[in-house]
Amino acid sequence: MYLTIAVIVLIFVVIFQIAKASEYVSLLKGESVSRKQNNKVNGFLMIVFLVLGLVGVWYCNELYFGKTLLVHPAASNHGEKVDSMLWWTLGVTGVVFIATQILLFWFAYKYQENENRKVYYFPHSNFLEMLWTVVPAIVLTGLVIYGLRNWFSFTGEAPNNAMVVEVTGKQFGWIFRYPGKDATFGKKYFKAIDAATNTIGLVWKDDATLNLKADPATLDDIVTEQTVYIVKDKPVKFIIGSRDVIHDVGLPHFRLKMDAVPGTPTTLWFTPKYTTKEMKEITKNPNFQYEISCDQMCGNGHYSMKGVVEVVTQEEYDAWIAKQKPYYFSAFPDADPANKKLPASDTTKAATAKL
Amino acid sequence: MTNEVLLDPHAIASDAHHGHDAAHHDEHHHTETFISKYVFSMDHKMIAKQFLITGMVWAVLGGLMSVFFRLQLGYPDSTFPWLEDILGKWAKGGHITPEAYYALVTTHGTVLVFFVLTAGLSGTFANFLIPLQIGARDMASPFMNMLSYWFFFIASIVMLSSLFIETGPFSGGWTAYPPLSALGSASPGSKTGMDLWLVAMALFVVSSLLGGLNYIATVLNMRTTGMSMTRMPLTIWALFFTAVLGVLSFPVLFSGFILLIFDRNFGTSFYLSDIFVNGVGALPNEGGSAILYQHLFWFLGHPEVYIILLPAMGMVSEILSTHSRKPIFGYMAMVGSMFAIAILAFLVWAHHMFVTGLNPFLGSIFVLLTLLIAVPSAIKVFNWLTTLWKGNIRFTPAMMFAIGFVSLFISGGLTGIWLGNSALDIHLHDTYFVIAHFHIVMGVASMFGMFAGVYHWYPKMYGRNLNNTLGYIHFWVTIAGAYLIFWPMHYEGLAGMPRRYYDYSIWESFKQFGGLNQFISTVVMIVFAVQLLFLFNFFYSIWRGRKVTQANPWNSNTLEWTTPIKPGHGNWPGEIPEVHRWAYDYGKDGKEFIPQTVPVGADESTSH
């Protein structure tokens, strides 16, 4: 540590001494001579920077393009559109980037101070200014139209046959709810939440103090944590909420994202194209997972707020969902028919009868 | 524009007023004490230096914070025992804790955006340049100007003190979204640290309003004879628009903060609803909207980007023209595009909120207006390029930084076209792509504008020269470093890698960038060290730099170079000079440069 500081200070001193010396030398040589020299060196460095910079852009791409999501097909229909839009945008901005950077550094190099050059007094030109107002405006209009078509299709209503899953963020994890056999989500209320037995506050009993009436639709709702199962090629709609602070359901492989806001439900829908198993083959990564990353700063555990989307075939899904028990049973094991030996209370009997 | 003499009645009136002032100031000089000259100064030039140096202190602190959190990102598995010596319990065993990491990230953002790039940049140059370049003896209200600095100073002290409290400084990101920022039970940083953060920011808003009103009043009323609005240097136009943006948008931020203070302390529910906090239980609040805060925040937050960027654009325009010895191309288009940017800046804020679930139709309007900003931006870039074309460029350090600014503005501006298009933003939102975008276009580019300004006006500020060689080293290492740090981050963003993560090792999708993160962190340290070299150059040269011998070292046209080498309070010892032309007559009729004070000759061409 101290050694590092000593070395840094030493380097500083050396640089400073050189800089000081060069100042004295330039004074000796005269200001205009030294300015000419500096100009030559820096003008040359401008062109060096341009060349090295463009090579660097290419080299960076060599190194890291393979690590982005773009080397594999997007895992949803939405994602395909995002990717092609991304390539178009890259094409347009890439051309402008290369052209303007070349012009900038090339001009800097070419028009470095030269005693013989007479500066071209060129304060304005209506034609040129018009040109670079109109052309960008037209190009951008194209991009806006392209983008908005996608935007409206992404944010539009989910198809009627979409399966619906409720996603709730909390510090620091994800809770998922399926509507169960009745295909209806029962009512929930945040003041009914119990961190151990009722994580999202399903209203399954009357509560006079909270003015709540039990909702029978809650009784078959299935609640899981951390992993959500969805079906390949079947549209899925997430109804997203949060239990505490703002979170965000980040689905990089599907190219989607939506905030989870307490008190204001949001939605997002897409159609997965590959099962997790297929994606493992596509990416050649046996550990591949469709990860849900929390993309909105939510506290000190933000970086560990991970969920998993398991994309399976319809058969696999049916087999999985059949094994799931309503969340109600885990809070009230007495009500579970599998535990029939114990006498069930009257109220729960009545409730299960309604199912 | 023509070069007819435009007589402005206001200018004459204020000139007469100044004549009186000058006598007053001369008297004043004799009784000046250390306190009135250096501490509670009402001289705009001294206040500018106060803003600049306070901004530098914050830049070093904020930069050091980024070095610390980059250590965590680059070397998550290593321990640095010396970190514990500096940070104590926040780096137990030489490893930065998540609490400390988030506090560092948050404070880095707040400090750099507000204290360095707002106060440090427009505070410095608006104060320094407005009276000097429009031909005024001082600001409209020197007293308010002094208050503006001291409110900033108190804000700084409060913010600094938040670093030393037991529960730590605020750690919920510089945007301070509630409920996280409203609930101490959800994050220790949201306890006392957040109270101090809010107080500091409220004081900062006061400072910024006092400054902004003054800048506007000065530019509108105190221009010297002949200095019509369309003869003002582009720096002044930029600083003027900046002040207007700040005056109209900071109060909205302030109102957002007031509501947040109410929610935090007085049990209201403006932003809170349906909340259950682990270990605390359900909160009583119902009916608030967390998204409301985001609207209020970004109604400042987006203009803020231009509050940071416009002064840099103005100074770069001035510097590019002066050092290419050629008029700025398309002066009126430059003013017009800045005006367009200033208007549009108010109409695009919700592009920060595309994934909050906002109404898709509303979102589409914001897409349109956001991408519209690219048009004035494109005009500016092409005008800068044309200014260089067929010029006679002198590579002073100021010029190099101005060229660097244009390069960075292009690189970072183009990715704005990606992010402003909502359908793409859904995917890239809150990833490293965004980090790369705004650091290049707003952070580093504006820093470059600031450096260009410091190098260009240093002789005027201190009557001495900075060391050029150190300036060249500073430039080349910084621009190369800036690209090496932020360019590869685009790729992390294209992998969907989220920002504000303390550790990526549990993520199958993001952990492949360990080597890159290490590389970036190493470059960060080198670039930070080179900034210290610049600071050394700055402070060393104040006392030991080569003395300036010519009043106009850059052969510039603007008025500040008609003052004595070390101007006193009041700027011009005699009459304020009269202005006869625009600021950019370089290379006209074969003449190297024609200062604004030179009357139009009878045989002068009228191409402009």
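A residue counts as buried here if 20 or more other C-beta atoms lie within 10 Å of its own. Keep that cut-off in mind for the first view, and remember throughout that this is a predicted model.

**Figure 1. A close look at F105(A), a residue of helix 3 in chain A.** Helix 3 of chain A covers residues 77–110, and F105(A) is part of that run. Is F105(A) buried or exposed? With 24 C-beta neighbours inside 10 Å, it is buried, because the cut-off is 20 or more. Leaving out residues up to four places away in sequence, F105(A) touches M46(A), I47(A), F49(A) and L50(A). Take M46(A) from that group: it sits 59 residues from F105(A) along the chain, yet their C-alpha atoms are separated by 5.7 Å.

**Figure 2. The two domains of chain A and where they touch.** Domain 1 is made of two stretches, 34–113 and 123–155, while domain 2 takes in 163–354. Their centres, taken over C-alpha atoms, are 43 Å apart. Even so, the two domains do meet: 10 residues of domain 1 are in contact with 14 residues of domain 2. What sort of residues does domain 1 bring to that meeting? Its side splits into five nonpolar and five polar residues, with no charged ones.

**Figure 3. The largest nonpolar core, with F405(B) and A452(B) picked out.** This core has 287 residues, and F405(B) and A452(B) are the ones with the most contacts inside it. Which helix gives the most to the core? That would be helix 5 of chain B (residues 98–134), which puts in 22 residues. Chain A has a share too: domain 1 and domain 2 of chain A both give residues to this core, so it lies between them.

**Figure 4. Zooming in on the contacts of A452(B).** Setting aside neighbours within four places in sequence, A452(B) is in contact with M315(B), V316(B) and I319(B). The rest of its contacts are A398(B), F401(B), A402(B) and F405(B).

**Figure 5. Helix 15 packed against helix 16 in chain B.** Helix 15 (residues 432–462) and helix 16 (residues 468–486) of chain B have axes 11 Å apart and pack at an angle of about 175 degrees. Angles over 145 degrees count as roughly antiparallel, so that is how helix 15 of chain B runs relative to helix 16 of chain B. On the helix 15 side, the contact is made by A436(B), H439(B), I440(B), V444(B) and Y455(B). Helix 16 answers with G471(B), A482(B) and F486(B). By class, this contact has six nonpolar, two polar and no charged residues.

Methods: Residues numbered from 1 in each chain as written. Chains lettered and ligands numbered in written order. Predicted model: local features only at pLDDT ≥ 70, side-chain atom pairs only at ≥ 80, totals over all residues. Core = buried A, V, L, I, M, F, W, Y, C linked by C-beta atoms within 7 Å. Buried ≥ 20, exposed ≤ 12 C-beta atoms within 10 Å, placed from the backbone. Helix = DSSP H or I, 4+ residues; strand = E, 2+ residues; numbered from the N terminus. Domains from an automatic or database assignment. Contact = placed C-beta atoms within 7 Å. Axes fitted to C-alpha atoms, helices over the stretch in contact; angles between N-to-C directions. Parallel < 35°, antiparallel > 145°, perpendicular 65-115°, else oblique. Nonpolar A, V, L, I, M, F, W, Y, C, P; charged D, E, K, R; others polar.
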